[in-house]
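Grab a pen and work through these exercises with the structure open beside you. Try each task before you read the solution.

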Amino acid sequence: MTEKFIPLIDNRRHQDSLTIPAQLKLPSGKLADTLSRPLHDLRISVTDRCNFRCVYCMPKEIFDKNYQYLPHNALLSFEEITRIAKIFLSHGVKKIRLTGGEPLLRKNIEDLVAMLAELRTTDGLAPDLTLTTNGSLLEKKAKSLKNAGLNRVTVSLDSLNDTTFKQMNDVDFAVSEVLNGIDAAHAAGLGPIKINMVVKAGVNDHEITDMARYFKNSPHILRFIEYMDVGASNHWQVNEVITSEQIILRLQEAGMPLRLLPANYEGETAQRWQHHDNQGEIGFISSVSNAFCKDCSRARLSTEGKLYTCLFATEGHDLRDIIRSKENHSDLLISNVIASIWQSRNDRYSELRNLTEAKNQTTEKKIEMSYIGG
Ligand code: SAM
Ligand code: SF4
Ligand code: SF4
């Protein structure tokens, strides 16, 4: 029998019309895209606002006082986010990461954490609930986030040197306050804490060894992230990237040789390494030099409810339109829409970028990191 499709027409430019199979199917807990990649992770952006102006993410000249952020009624409510997250879990998602913008700026974020912690995966377990933050409000919020059901946090910290850090966050924020946030998160039981350092050539690459030395004997996992060509605001250039291989070499030259550890699970974003004397784990996220698209099992939900199947997408699928429709669509229908989006996914931007020698692959405007989260 040929399947009939009912198009839900959306008139925004380039927006694909969403298709719903005429015969709705119950979720099986297993979805595969066109490259046989399962759907395991959901990243939810809860705000497009941030109190930092990191030069590689929200440069001040673009994100200035005239920048148009989303109005409050455009944001998904906590109920809407939870409803969508529940459907994703029924498709096999096990891990949910809250991000932004700065997620701790979203008012009463603990309430959302508590609502998500109540959900169950297809194995009957609570989802693995994590959050990525710049750490600025963590000292204040770590305990309440833990009490609400958050499992772990990832904290972004690009330097231990105040001059460099302030140059990068561009709002005069001190390193010590982020470190206090990390300590509070550790004390609250939000570990193991991952520390994300985006390395930008000529800006903070001279701090690589200091960061490695500082976190070597700590319970935290330092992760070096290659600077990526996300969005358009940062005017990314390939010569601003310091590759993981270069970092490993620099650490070796500084007397900190590393050895590779086995992955925790298939599709893990970071490659895990360890200091030779077994003191401390270091992760490398090599999105530019060693793309991991073939294992990419992440879906991303924007603050305003658009579903993106790749960090480098130019267009999302508007789930908010469906859940706010006057037609009162059922969860089953939304579940089928999500299934059909995932099943037709063929994204592999980073792999293609490498094949085209880091040339910009699209003339369309890519979404910004602050809009979709990392
Ligand atoms: N505001 C939070 C924070 O900074 O942790 C969460 C959102 S932020 C967009 C998520 C992660 O993306 C951060 O670790 C940040 O350093 C990283 N990031 C932002 N822009 C990036 C870029 N162009 N290349 C690589 N990582 C980037
Ligand atoms: Fe804000 Fe995070 Fe982007 Fe920095 S990386 S500007 S903290 S959203
Ligand atoms: Fe996944 Fe897209 Fe990144 Fe490839 S480029 S790893 S498909 S988000």
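## Exercise 1: Two helices side by side

In this predicted model, helix α2 (residues 109-117) packs with helix α3 (residues 138-148) at an angle of about 25°, and their axes are 8 Å apart. Task: work out whether α2 is roughly parallel or roughly perpendicular to α3, then find the residues that make the contact.

Solution, step by step:

1. Start with the angle. Anything under 35 degrees counts as roughly parallel. With about 25° between them, α2 is therefore roughly parallel to α3.
2. Now the handedness: α2 passes α3 in a right-handed crossing.
3. Next, pick out who touches whom. On the α2 side you should have Ile109, Glu110, Val113, Ala114 and Ala117, and on the α3 side Lys141, Ser144, Leu145 and Ala148.
4. Sort these contact residues by class. You get six nonpolar, one polar and two charged.

## Exercise 2: Another pair, another angle

Task: describe how helix α6 (residues 208-216) and helix α7 (residues 244-253) cross, and say which residues of α6 and α7 meet.

Solution, step by step:

1. Remember what you need: two packed helices are described by the angle between their axes and the distance between the axes.
2. Here the axes of α6 and α7 come within 10 Å and cross at roughly 70°.
3. Angles of 65 to 115 degrees count as roughly perpendicular, so α6 and α7 are roughly perpendicular to each other.
4. The crossing of α6 past α7 is right-handed.
5. For the contact, Ile208, Thr209 and Ala212 in α6 meet Ile247, Arg250 and Leu251 in α7.
6. By class, the residues of that contact are four nonpolar, one polar and one charged.

## Exercise 3: Zoom in on Ile247

Task: is Ile247 buried or exposed, and which residues does Ile247 touch beyond those up to four places away in sequence?

Solution, step by step:

1. Find Ile247 in helix α7.
2. Check the relative accessible area: at 2%, Ile247 is buried, because buried means under 20%.
3. Skip residues up to four places away in sequence, and Ile247 touches Val199, Ile208, Phe224, Ile242 and Phe284.
4. Try a distance too. Ile247 and Thr209 sit 38 residues apart along the chain, and their C-alpha atoms are separated by 8.7 Å.

## Exercise 4: Two strand residues

Task: find out where Val155 and His275 sit, and what surrounds them.

Solution, step by step:

1. Val155 belongs to strand β6 (residues 152-156). Its relative accessibility is 0%, so Val155 counts as buried.
2. Leave out residues up to four places away in sequence. Val155 then touches Thr133, Asn134, Gly135, Leu138, Val178, Ile182, Ile193, Lys194, Ile195 and Asn196.
3. Over to His275, which is in strand β10 (residues 271-275). His275 is buried as well, with a relative accessible area of 2%.
4. Leaving aside neighbours within four places in sequence, the contacts of His275 are Ala212, Lys216, Met256, Pro257, Leu258, Arg259, Gly280 and Ile282.

## Exercise 5: Backbone oddities in loops

Task: in which loops do Asn108, Asn328 and Pro192 lie, and what does the backbone do there?

Solution, step by step:

1. Asn108 is in the loop between β4 (95-99) and α2. Its phi is near 55°, a positive value in a residue other than glycine. At 43% relative accessibility, Asn108 counts as partly exposed.
2. Asn328 is in the loop between α8 (319-323) and α9 (331-343). Phi of Asn328 is near 55°, again positive in a residue other than glycine. Asn328 counts as exposed because its relative accessibility is 67% and the cut-off is over 50%.
3. Pro192 is in the loop between α5 (175-188) and β7 (194-199). A cis peptide bond, with omega about 0°, joins Gly191 to Pro192.

## Exercise 6: Around two ligands

Task: list the residues around ligand 2 and ligand 3, then sort each shell by class.

Solution, step by step:

1. Around ligand 2 you'll find Cys50, Phe52, Cys54, Cys57, Met58, Gly101 and Asn134.
2. That shell around ligand 2 has five nonpolar, two polar and no charged residues.
3. Ligand 3 is surrounded by Phe292, Cys293, Cys296, Arg300, Cys310, Leu311, Phe312, Arg345, Asp347, Tyr349 and Ser350.
4. The shell around ligand 3 comes out as seven nonpolar, one polar and three charged.

Definitions and conventions. Residues numbered from 1 in each chain as written. Chains lettered and ligands numbered in written order. Predicted model: local features only at pLDDT ≥ 70, side-chain atom pairs only at ≥ 80, totals over all residues. Heavy atoms only, no water. Near = heavy atom within 4 Å. Nonpolar A, V, L, I, M, F, W, Y, C, P; charged D, E, K, R; others polar. Axes fitted to C-alpha atoms, helices over the stretch in contact; angles between N-to-C directions. Helix = DSSP H or I, 4+ residues; strand = E, 2+ residues; numbered from the N terminus. Parallel < 35°, antiparallel > 145°, perpendicular 65-115°, else oblique. Left-handed = near helix turned anticlockwise from the far one by under 90°. Contact = heavy atoms within 4.5 Å. Buried < 20%, exposed > 50% of the residue type's maximum accessible area, 1.4 Å probe, protein only.
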